[in-house]
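Please open the structure in a viewer and keep the selection tool at hand. The tour below proceeds from one selection to the next.

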Amino acid sequence: MPEHTRPGDVLADRYRLTDLLTESQGGRFWRAFDSVLQRDVAVHIIAVTDERAPLLREAARRSATVLDRRMLRVLDIDEASDRCFVVNEWGSGTSLDILLAHGEPLSPTVAAWIAAEVGDTLALAHDNGVAHGRLVPENVLIDQDGAVRLIGFAVDAALHGLPAGRIAADEIDLVGLLYAGLTGKWAGISRSLLPPAPSDHGRVLRPRQVRAGIPRPLDSLCDHVLNHREGSEVSASMVADSLRDFLGTSSSAAEAWLGRLEHPRPGQETVVLSPMPDPPAPTEETTPEADDVGPHDDAERAGEESVADLEAEPSRPEEGLPTQAGLPIFHDETDDVTWLQHRSEPAPPPPPFEPPPARPLFAPDPEDGTPARRPRVLPPAAEGAAGGAGFWPWDSGHDTGTGAGTGSGVFAPVPDEDDERRPGSSMLRLAGIIAACLLLLIGCVIAFNLGRGRTVLGTEPTDPATSRSTSPSTTDPSATPLTGVTATSFDPQGTPPEENPTEAPNVTDGDPSTTWQTLRYNENFGAGGLKTGVGLVLDLGAAHDVTEVDLSTVGSPTRVQIYLAARRPVNLQGLQPAGEATISGTHGVVRLDPAVGGRFVVVWLTSLPAVPGGFRGEIAEAVVKGD
């Protein structure tokens, strides 16, 4: 970017630069004033000699073909002197990253509404073959009216040197916006200034594991897309439709809440946001009792927040009155948290204690004048006279009777259960309790390991396809190494279709210290990456039946597929993989069972090890064995 670009410069005799907003990698983003139409505009500027200038011009033309109320449209594109610039519609408001950085995460309803609005625009653009390319919270604007506007559609990706057509990345970043609104963390593909989402063993934690109270439909959507990127067949329209179904009638309430945010005034350098409003204070007519409060993820209530509660202003406690306090209620079955609200009125006092009616110690005297029966006290000799069978508590006035005695006192003592217990029974009960606890602990460990996708013992599960085709420690002794093999680089998706071609012969020279390596990629191969793979072509000199390919690699893990062809391939169309493996160490063997015939062997890398600054694969030796 030319050093003389400064505030006050006028582009094309029309756009006067006023404020420099951002600057990175030689590109600058300005706020300018259009002297013809008397309005503010946004201007992206880079040098004409910059290699991104053609990408910027083409991105502006593609973006202008999509018309949607949520997009800040491209208004002009031109070159002046040594500068190439694109003029966009100006939007005033607060970007989503600043909204999350200066406040708490959004409510599930507001986060879902923002993602649904972005998804509707993406669905329209993707139908026209246009991708945003860099859908991060910094490019989502909440304007003065609470509406969602998208910044830098296709243009911002070009300024960052990203290729066009990143539709798959848009779809994952769309769900990343929903995750960011729910948790305040970023889990998308494109790079954002928000803190990264927490992960466990390469899997992004579900929103419900980061923040309590996330409805289950939103939690499942995030987990399905973010943790199954290669296997999830979702589109922006499918995500938007799912979020609209979740929102129901709450969309207008979410937009109204965003419309009450305090936005920066023109020229302000510091953005001050109003705090997130608390839920309205409960009333006796609308607040259910604590026992009637159901989990957030109930199928009939998910996402049905009251429009009146969202649109109402937050209640303020009257001066002199105590602040309402809440008690959390944790639901073990659903992992949800609800709040037991403080009573607005004191609880009524308990009823007065009434003593029980007096009971006489002895039976009262009958009204007919007969003598009352009294508890009998027997002498010790009479104990057990009737075999201890029964107890007659009332004496008829005689010294003896037919009733059985129970002891020397008024009432017979009740034997203690511990007195009748067999010796050693307490130890048996303690041993049983310890055994039950051990079984429960073992069951928890097994459930935890299975929940992490591992075996019962906690080891990594063995993929049947991988175990069948790879053996990192053993090789087939009957397989014979083929000689006279030559190697060339193979990059059908690159221009030119080769990658470090001068290093390719190093993999067949028998010297492990010389290697062939790929370029360093910012993103790994697969969904959202620039390519699906890159590799080598091994020429055997003549057709052979290949039984295995022995590879020595640098870095781990490396995912490899093996193809065979009769003619030198120019791409992988029409070829089927003969074997595949994940090399976790520095050596691996890809077995072909049964053997596959051909002259040319394609070693195709589909996943590269991580290195500082990105991903890069490296092969030291490749030995082909067969007949």
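The stops that follow begin with the whole chain and then move through sheets, an aromatic pair and helices.

**Whole chain**

Begin with the entire protein chain, bearing in mind that this is a predicted model. A cartoon representation shows 13 helices and 23 strands. Of the 627 residues in the protein chain, 40% are buried. Among contacts with a separation of 6 or more, 67% are between residues 24 or more positions apart.

**The six-stranded sheet**

Next, select strands β1 to β6, which form an open sheet with antiparallel pairing. Which order do the six strands take in this sheet? Reading across, the order is β1-β2-β3-β4-β6-β5. The edges are occupied by β1 (10–11) and β5 (74–80); each has a single partner strand, so one side of each lacks a neighbour in the sheet.

Now restrict the selection to β4 (residues 39–47) and β6. These strands run antiparallel and are joined by seven bridges. To locate one position in this pairing, display H44, whose bridge partner in β6 is V86.

Add helix α1 (residues 53–64) to the view. This helix packs on the sheet and touches β4, β5 and β6. The direction of α1 makes about 155° with that of β5.

Turn then to β5 and β6, which are antiparallel and joined by six bridges. D76 has V87 in β6 as its bridge partner. The two strands form a hairpin with two residues between them, and S81 in this hairpin takes a positive phi near 60°.

**Aromatic pairs**

Show the aromatic side chains; the structure holds three aromatic pairs. A pair of rings is described by the distance of the centres and the angle of the planes. Select Y15 and F85, an edge-to-face pair with 6.3 Å centre to centre and 70° between the planes. How many residues apart are Y15 and F85 along the chain? They are 70 residues apart, so described as linking distant parts of the chain: Y15 belongs to strand β2 (residues 15–24) and F85 to strand β6 (residues 83–89). Y15 is buried because its relative accessible area is 2%, under the 20% limit for that class. F85 is also buried, with a relative accessible area of 0%.

Another of the pairs is formed by Y521 and F525, which is likewise edge-to-face, at 5.0 Å centre to centre and 70° between the planes. Both Y521 and F525 are buried.

**The three-stranded sheet**

Move to strands β7, β8 and β9. They form an open antiparallel sheet in the order β7-β8-β9. At its edges stand β7 (93–95) and β9 (148–150), each with a single partner strand, so that one side of each has no neighbour in the sheet. From one strand to the next, the twist averages 35°.

Within this sheet, select β7 and β8 (residues 140–143), which pair in the antiparallel sense over three bridges. G93 stands opposite D143 in β8. Adding α3 shows a helix that lies across β8 and β9, running at about 45° to β9.

**Helices α5, α7 and α8**

Select helix α7 (residues 216–226) and display its buried residues: L218, D219, L221, C222, D223, V225 and L226. What covers these buried residues of α7? The cover includes α3 (108–127), α5 (167–183), β11 (203–204), α6 (207–210) and α8 (236–247).

From that group, keep α5 and α8. They pack at an angle of about 25°, with axes 9 Å apart. This angle makes α5 roughly parallel to α8, since angles under 35 degrees fall in that class. On the α5 side, display E171, L174, V175 and L178, which meet A236, V239 and L243 in α8. The residues of this contact comprise six nonpolar, no polar and one charged.

Finish at S242 in helix α8. Is S242 buried, exposed or partly exposed, and at what relative accessibility? S242 counts as partly exposed because its relative accessibility is 39%. For a last distance, select the C-alpha atoms of S242 and L221: they are separated by 8.7 Å, while the two residues lie 21 residues apart along the chain.

Definitions and conventions:
Residues numbered from 1 in each chain as written. Predicted model: local features only at pLDDT ≥ 70, side-chain atom pairs only at ≥ 80, totals over all residues. Heavy atoms only, no water. Buried < 20%, exposed > 50% of the residue type's maximum accessible area, 1.4 Å probe, protein only. Helix = DSSP H or I, 4+ residues; strand = E, 2+ residues; numbered from the N terminus. Contact = heavy atoms within 4.5 Å. Phe/Tyr/Trp six-rings, centres within 6.5 Å; stacked < 30°, edge-to-face > 60°. Pairing = 2+ DSSP bridges. Axes fitted to C-alpha atoms, helices over the stretch in contact; angles between N-to-C directions. Parallel < 35°, antiparallel > 145°, perpendicular 65-115°, else oblique. Nonpolar A, V, L, I, M, F, W, Y, C, P; charged D, E, K, R; others polar.
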